[in-house]
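Visitor: Before we start, please show me the model, and then I will ask how some of its labels are justified.

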Amino acid sequence: MDASHAPPSAATLDKTLKAMAGVVGAAATFATQEDCDAYSDRFPIDPHRHRPFAAVAPTSAEQVQALVRIAAAHRVPIWTVSRGKNLGYGTAAPVVASSIVLDLSRMQQITVDVENATVLLEPGVGFYDLYDYLQTRNIPLWLSVPGNSWGSVIGNALDRGLGYTPYGENTRNLCGMEVVLPDGDMVRTGMGAMPNAPSWQLHKYGYGPAWDQLFVQSNFGIVTKAGMWLMPQPQIVRGFDVEMDRMEDLGPLIDVIGPLRREGVLQQSPTIGNWFRAANILTTRKQWTDKAGSLSDDVIAAIRKQFGLGWWGVSLRLYGRETVVQANMDILEKALNAIKPMSMKPFSWRPGEPFTPTQGGWMGVPMTFPLQSANWFGGRGGHIGFSPVLTQSGKLAMEQFNRTYARYKEFGMDYQASFAFGERHLLNVNAILLNLDDPQFMKRVDPFLRTLIADARQHGYGEYRAHIDYMDTVADCYDYNNHALRRLNERVKDALDPVGILSPGKSGIWPAAYRKEGKA
Amino acid sequence: MRGVILLGLASLISLGAQAADLDGKMLFHQKCEMCHGAAGMGTGLLARRMKPEVAPLEKRDDLSAAYVERAARIGILNMPPITRGDVSDAQLASIARYLSKGKP
């Protein structure tokens with residue numbers, strides 16, 4: 001399905017925006033060409049495909065309710081972003097061009113419950129905002145930050161983003177939400193449904209069906225507040241930075257980490273990355289080769305040597321009480337030695353001790369330096385992800401790696417991969433580094449991604465998250481029983497949002513009015 | 001590291017420095033420093049094109065306010081444009097005043 005639905009007329013859009021400006025004020029209504037550029041996708045395959053009509057920035061849930069009612073009355077689609085920094089997945093841009101972006105950046109309330117290690121947040125709070133809030137008050141609670149921490153804490157959890165601590169699966173830390181529904185009604189989930197319950201951020205389910213995950217990666221409502229669990233600062237952090245020399249070491253490395261993760265010796269979400277994931281932050285391509293196509297083995301060897309990188313690397317971390325961490329260090333060291341790492345550097349940190357910015361991610365400190373990879377080709381770049389869900393099997397992951405690497409070579413792309421452990425699954429987060437200054441290069445990206453998605457689908461591997469251009473394609477892979485899941489999503493969508501105004505096309509979920517236009 | 005910087009700011013506030021400059025400095029910290037601070041992406045990439053010691057924007061003495069505002073709104077190379085929802089025109093003007101050290 002695509003966005004072939006007849007768009008609202010210019011007159012309707014103007015009228016809608018004027019009504020919205022009446023709610024948020026002219027100073028929070030953005031409709032110049034420059035505004036529309038700024039709210040478009042920064043890492044686009046086609047920069048013109050997802051241009052919004054305008055953006056509005058409410059400051060309260062009540063304003064969000066009013067804006068939703070206006071959108072419904074005029075049948076104008078709105079696309080909600082928390083801070084609009086979802087680089088690699090569409091940034092602030094809507095699936096449907098000429099939507100009005102609902103930018104929640106200015107909703108920035110933070111309410112921390114220190115004793116219970118929870119926070120109630122509005123969507124405009126970024127990782128840096130929350131980090132500063134906690135640091136300036138000496139509150140010993142930690143975040144779980146993604147590799148680029150520019151965005152919203154809530155937004156990241158709502159898109160199932162990942163961090164690197166024991167709280168690394170950010171969507172699992174959600175506990176209780178306030179949600180504006182497409183008709184402007186407002187609901188609080190979990191214990192929040194009981195007015196004044198002291199346990200809104202403590203018990204995830206309340207009574208009856210638990211709705212939180214229905215507002216994750218969906219377009220059923222607008223989350224205006226959400227609770228998150230924060231990690232109490234541990235007594236000590238220890239672990240190893242491990243480098244493995246050979247390509248074929250991936251399988252054994254996965255088979256060593258998997259059982260320790262499932263057993264709970266490892267409680268963080270370790271991410272195995274290839275040499276390129278580390279190197280493309282530190283250097284640019286032109287320093288090594290002027291040849292187009294995938295990097296040759298010689299060039300790879302030279303870059304690895306320069307930066308002391310294995311083909312694969314992983315940072316394993318243990319957190320908690322000293323005695324427990326010591327016991328688990330012994331277990332970890334023995335297990336790793338058995339697969340003969342190229343290098344294995346111990347790490348240790350106690351509260352108050354300094355650490356380098358590159359170590360901060362494992363202690364929940366926000367960072368942006370990994371985005372230096374955008375400069376890999378020397379000019380304007382970016383990335384787009386291909387992230388199928390695998391099992392924690394070294395053999396199957398090696399097979400998927402071999403297939404994927406062969407495709408990267410076939411399409412002349414430089415291979416960036418990571419394998420991120422969940423508690424049971426393995427996310428194979430691949431990045432395609434973009435060269436936005438090279439139109440010929442950019443033309444290869446779309447067929448390349450579609451090939452990767454089709455390959456993975458054959459093996460039962462679907463993606464956990466997608467760029468706005470691939471939401472339909474990815475959703476289409478989840479097609480058991482003649483797309484029963486999509487049909488269910490559509491039934492819920494139609495019941496909650498009969499006019500079809502909230503983020504049409506998000507995660508491949510289209511309102512009825514758009515579905516009538518036929519499939520792409 | 002950011003915590004340390006903030007403590008420095010707090011003591012500056014107590015010294016009662018000029019309100020407008022302070023606002024710009026604080027806003028720079030809130031809105032820009034994630035990329036243009038010590039270990040940020042912007043500083044890392046600028047250090048590839050100029051002397052590393054002047055790669056952090058606060059160390060520059062060649063920025064005009066008009067340039068800062070334009071750069072932020074339309075983006076430069078790998079810097080994305082900063083939306084007006086994120087940083088209002090008034091906030092950006094303060095930041096630009098602070099970074100330009102008074103140059104128009």
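Guide: This is a predicted model, in which local features need pLDDT of at least 70, side-chain atom pairs count only at pLDDT 80 or more, and totals for chains, interfaces and linings use all residues. Residues are numbered from 1 along each chain as its sequence is written, and chains are lettered from A and ligands numbered from 1 in the order in which they are written.

Visitor: What makes strand 5 and strand 6 of chain A a hairpin?

Guide: Strands are DSSP runs of E of at least two residues, and helices are runs of H or I of at least four, numbered from the N terminus. Two strands pair if DSSP finds at least two bridges between them. Strand 5 (residues 110-113) and strand 6 of chain A are antiparallel and have four bridges, so they pair. Four residues lie between the two strands, and A:A117 in the turn has a positive phi of about 60°. A:D113 stands opposite A:T118.

Visitor: Which strand besides strand 5 pairs with strand 6 of chain A?

Guide: Strand 10 (residues 222-229) of chain A, antiparallel and with four bridges. There, A:M228 is the bridge partner of A:V119.

Visitor: How do you know that both faces of strand 6 of chain A are covered?

Guide: A:T118 and A:L120 on one side, and A:V119 and A:L121 on the other, are all buried: 20 or more other C-beta atoms, placed from the backbone, lie within 10 Å of a buried residue's own (exposed: 12 or fewer; partly exposed: in between).

Visitor: Why are the buried residues of helix 5 of chain B said to line one face?

Guide: B:A65, B:V68 and B:A72 are buried in helix 5 (residues 65-74) of chain B. Seen down the axis, the buried residues fall within an arc of 65°, so they line one face of the helix; the arc is that of the directions from the helix axis to the C-beta atoms.
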